[in-house]
Amino acid sequence: MTKPVRLALLGCGTVGSEVVRLLHEQAVDLAARIGAPLEIAGIAVRRKGRNRGDLPVDPAVFTTDALGLVKRDDVDVVVEMVGGIEPARTWLVEALRAGKSVVTANKALLAEDGGSLHDAAAESGADLYYEASVAGAIPLLRPLRESLQGDTITRVTGIVNGTTNFILSAMDATGAGFAEALDEATELGYAEADPTADVEGFDAAAKAAILASLAFHTRVSAADVYREGITEVTAADVASANAMGCTIKLLCIASRGPDSTGAESIGVRVYPAMIPRSHPLASVGDAFNAVFVEAVSAGQLMFYGRGAGGAPTASAVLGDVVAVSRNRLAGVSTPSESAYAALPIRPMGEAVTRYHISLDVADRAGVLATVAGVFARHEVSIATVRQASASTSGTATAGRGGDAILVIVTHAAPDAALAATVEELRGLDIVRSIASVLRVEGGV
């Protein structure tokens, strides 16, 4: 029999436990697909004596010495499912420099310092696979770095965080506010006890950086991604989107094109935006993920499925384990990075988008003309204007009479011009408050 491929598993939480179960349940099929059996050399955990139920593994394989496990000579593949920057970075760099294949689901590390992992992999010729770091079970990263290598990708737009998509979908379906929808997501297990990484867009920004790096052959970090979360999205915003035939989604958008000087560059951003209900991403509900890819020759492609959860993520992890194990048996490796383009990052101010602005203004003659003048000064064209009394819109301030709500949707313009317009509006005496500012994407 062919010598087994020996695995070191770092972490045995929700995803790690599912990986162990799948390795046991599918052992015969996995061995047939790879050409050799898979064996668990060890599992690094924080607490060795913790009760792990009916997990089908010998308790003797557990250890609290992750670095020692990684350094063992009988380990061929290191599978990291711990997360965070350190000590995961130290473990994986050590493994890669030693020529061991690495499979990781660590989006935070890849987005913050993926370069150190790619460099270590390139130095030793080791495999570095990370399909599970973005969009769970959806086959997405490998198509970007392999199937579409003969094409030029121009834009990637996606819903890559299941928690925020569940919250926004619930708000859209029921008219609930953000806090109510978040409570429901927490009760159903879609949101963590501390949901900050999700609702403030940090998780999506890390994934956007990984997608942009692969799509545009350029190293992109989370620090390069413009980020806004969904905590300021209100029930009134959702209702306004509905009135326009839109829904609100937290989008990651990565695009390739000229900057203000005409030089080729890329822009990467994450924020809540209105999109028309006719857009393919608009129907993505619950905690599902979907990514819309646009390429010169292939045209428009969409990847859809469950983007989180133990079993879906474990499926992606095992897919990578099969791939790197086959490579080891064949004595080959797959380049983990293509960063030859090294394109500059385009500032957010140069991103062309549209704004939906809701203003609480004094209800008197000349207000609309004054507001329109501000837009004109910043060379921002207004597409539509809708006026309602503050009392009927539900945004009136107690004790304040004679107010109205102006809802303005712009034509496309540089984000810097749009932001400057909003800032000047904020300083006008006739503007009581700016109730809401949301971007509009997808050709509404």
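Q: Which residue takes a positive phi just after H5, and what is the value?
A: In this predicted model, Gly125 follows directly after H5 and has a positive phi of about 75 degrees.

Q: What makes H5 a helix that is not straight?
A: Helix H5, residues 107-124, has 18 residues, and a straight helix of that length would span 26 Å, whereas H5 spans only 22 Å between its end C-alpha atoms. There is also a kink of about 90 degrees in H5, and its centre is Asp113.

Q: Which residues of H5 are buried, and what do they pack against?
A: The buried residues of H5 include Leu109, Leu110, Gly114, Leu117 and His118. The buried residues of this helix pack against H4, strand E5 (101-104), E6 and H10.

Q: Why is Ala135 called buried?
A: Buried means under 20% relative accessible area, and Ala135 has 1% relative accessibility, so Ala135 counts as buried. Ala135 lies in the loop between E6 and helix H6 (141-147), and its phi, near 65 degrees, is a positive value in a residue other than glycine.

Q: Why is Glu379 called exposed?
A: The word exposed needs a relative accessible area over 50%, and Glu379 has 73%, so the term applies. Glu379 is placed in the loop between helix H13 (367-377) and strand E14 (382-389), and its phi is near 55 degrees, again a positive value in a residue other than glycine. Most residues other than glycine have a negative phi.

Q: Why is the pair of Phe166 and Tyr190 called tilted?
A: The ring centres of Phe166 and Tyr190 are 4.6 Å apart, and the planes are at 35 degrees. Centres within 6.5 Å make a pair, while planes under 30 degrees apart count as stacked and those over 60 as edge-to-face, so an angle of 35 degrees leaves the description tilted. Phe166 lies in helix H7 and Tyr190 in the loop between helix H8 and helix H9, so the pair ties together parts that are 24 residues apart in sequence.

Q: Are Phe166 and Tyr190 buried or partly exposed?
A: Phe166, with a relative accessible area of 7%, is buried, whereas Tyr190, at 31% relative accessibility, counts as partly exposed.

Q: Why is the pair of Phe288 and Tyr304 called stacked?
A: The centres of these rings, Phe288 and Tyr304, are 5.3 Å apart and their planes are at 5 degrees, and because planes under 30 degrees apart count as stacked, the pair is given that name. Phe288 lies in strand E11 (residues 288-295) and Tyr304 in strand E12 (residues 299-306), so the pair ties together parts that are 16 residues apart in sequence.

Q: What makes E3 and E6 the edge strands of the open sheet?
A: Strand E3 (62-63) and strand E6 (128-129) each pair on one side only. The six strands of this sheet stand in the order E3-E2-E1-E4-E5-E6, with parallel pairing.

Q: How do you know that E2 and E3 pair?
A: Two strands pair if at least two bridges are found between them, and strand E2 (residues 38-44) and E3 are joined in the parallel sense over two bridges, so the condition is met. The bridge partner of Ala44 in E3 is Thr63.

Definitions and conventions
Residues numbered from 1 in each chain as written. Predicted model: local features only at pLDDT ≥ 70, side-chain atom pairs only at ≥ 80, totals over all residues. Heavy atoms only, no water. Helix = DSSP H or I, 4+ residues; strand = E, 2+ residues; numbered from the N terminus. Buried < 20%, exposed > 50% of the residue type's maximum accessible area, 1.4 Å probe, protein only. Expected span 1.5 Å × (residues − 1). Bend = angle between axes of the 7 residues up to and from the residue. Contact = heavy atoms within 4.5 Å. Phe/Tyr/Trp six-rings, centres within 6.5 Å; stacked < 30°, edge-to-face > 60°.
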